[in-house]
Amino acid sequence: MPASVKDVAALAGVSSSTVSNYLNHPHVLRASSREKVRAAIEELGYVPNESARQLRAGSSTALALILLDAWLPYFHELSRGVEDITREAGWSLFFSNSNRDGAQESRNLDMFEAHRVQGIIIYPFGDVVPRLETLADRGIRSVVVGPIPPSTKVASVLFDDVGGGRLAGEHLLSIGRRRVMFLGSPTVSQSNDRLAGLRQAVEATDAAIEVIDVDHLTTDDGMTAGARIAALPSAELPDAIFAANDMVALGVLTQLVRHGIRVPDDVAIIGFDDVAQAHQGVVPLTSVRQPGYDIGRAAGAVLLQQLADPAAPPPAMTPFAAELVVRESTVGRLPAAGRT
């Protein structure tokens, strides 16, 4: 059996409360007592129950990250950014995934509140701000990655999704495309913002937009949509497709190529996020770059800033700017110097 506090106390010749003070309030002990307990812990290989200790102390060194869809590559980069900056500051980070499920998202928030984390970073599915404001009143600060209603208690880190959609639309217009199909999820605000930017770009032009809804913004969703598109009569094919993320775009691209539809000659394709897979395919994908790692680090920094000064209002941040990375899926084969 693993050693207990009583075992440590017996070996050190001190009381259990002295061992507890060593673990939680070592500054109240004399140096001689601290050394006795330290030596006993080392000899017995005692490992404190951190969860129990935190519950007794009423605080922790733990933070939480709740992701929208942990399986998408963009969220891998976001997570890495959050983890790197919080670990550098000495915090522990716990992860969970809402899987685009509002009930699961709520359960995740319940779980982390019960475990008394000090702060939460969340890429939300629903409107979580009222719940996060309640948590702020209980001492748990938070940062939302994405747009939120105005709040004096909850911080947000933003990316210019509308600007990214506008860049995609302007690029398609510049290469002569006029029948644009948008593939996105209406339940994701960022997807809707990207569509809004696309609409801004084509406003007052002769271009038309057709919107196709997909469920989860996965490669499989793109494959399904791509098969439907490939089955259309040639006269009804769009001449361009803008997908709300790279995984959907890559699924569509795969299906079109399999069905003999040329990319970009027949159909130009643009994705969003610029994950690593975007430039690794048979036809490298033009994409709107969203720096997931940098956004994750920024969200972590904002949370740490709030924890350092809990009385201060949430810091305001300038949204991350969008950047279009042009590759062969819209303009054909590029000279070697122009590839990314």
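A crossing of two helices is called right-handed if the near helix is turned clockwise from the far one by less than a right angle. In this predicted model, helix H1 passes helix H3 in just such a right-handed crossing. The axes of H1 (residues 5-12) and H3 (residues 31-44) come within 9 Å and cross at roughly 120°, and the two helices are therefore oblique to each other. Where they meet, Asp7, Val8, Leu11 and Ala12 of H1 touch Lys36, Val37, Ala40, Ile41, Glu43 and Leu44 of H3. Sorted by class, this contact holds seven nonpolar, no polar and three charged residues.

A strand residue comes next. Leu65 lies in strand S1 (residues 62-67), and it counts as buried because its relative accessibility is 1%, the cut-off for burial being under 20%. Beyond its neighbours within four places in sequence, Leu65 is in contact with several residues, including Val82, Leu93, Phe94 and Ile121.

Six strands form an open sheet of mixed pairing, in the order S7-S6-S8-S9-S10-S11. Strands S7 and S11 stand at the edges with a single partner strand each, so one side of each is left without a neighbour in the sheet. On average, neighbouring strands of this sheet are turned by 20° against each other, direction ignored. Within the sheet, S8 and S9 pair in the parallel sense over three bridges, and Phe242 has Ile270 in S9 as its bridge partner. Helix H8 (residues 161-174) lies across S6, S8, S9, S10 and S11, running at about 165° to S9.

| Strand | Residues |
|---|---|
| S7 | 208-213 |
| S8 | 240-243 |
| S9 | 268-273 |
| S10 | 286-289 |
| S11 | 323-325 |

Technical notes: Residues numbered from 1 in each chain as written. Predicted model: local features only at pLDDT ≥ 70, side-chain atom pairs only at ≥ 80, totals over all residues. Heavy atoms only, no water. Axes fitted to C-alpha atoms, helices over the stretch in contact; angles between N-to-C directions. Helix = DSSP H or I, 4+ residues; strand = E, 2+ residues; numbered from the N terminus. Parallel < 35°, antiparallel > 145°, perpendicular 65-115°, else oblique. Contact = heavy atoms within 4.5 Å. Nonpolar A, V, L, I, M, F, W, Y, C, P; charged D, E, K, R; others polar. Buried < 20%, exposed > 50% of the residue type's maximum accessible area, 1.4 Å probe, protein only. Pairing = 2+ DSSP bridges.
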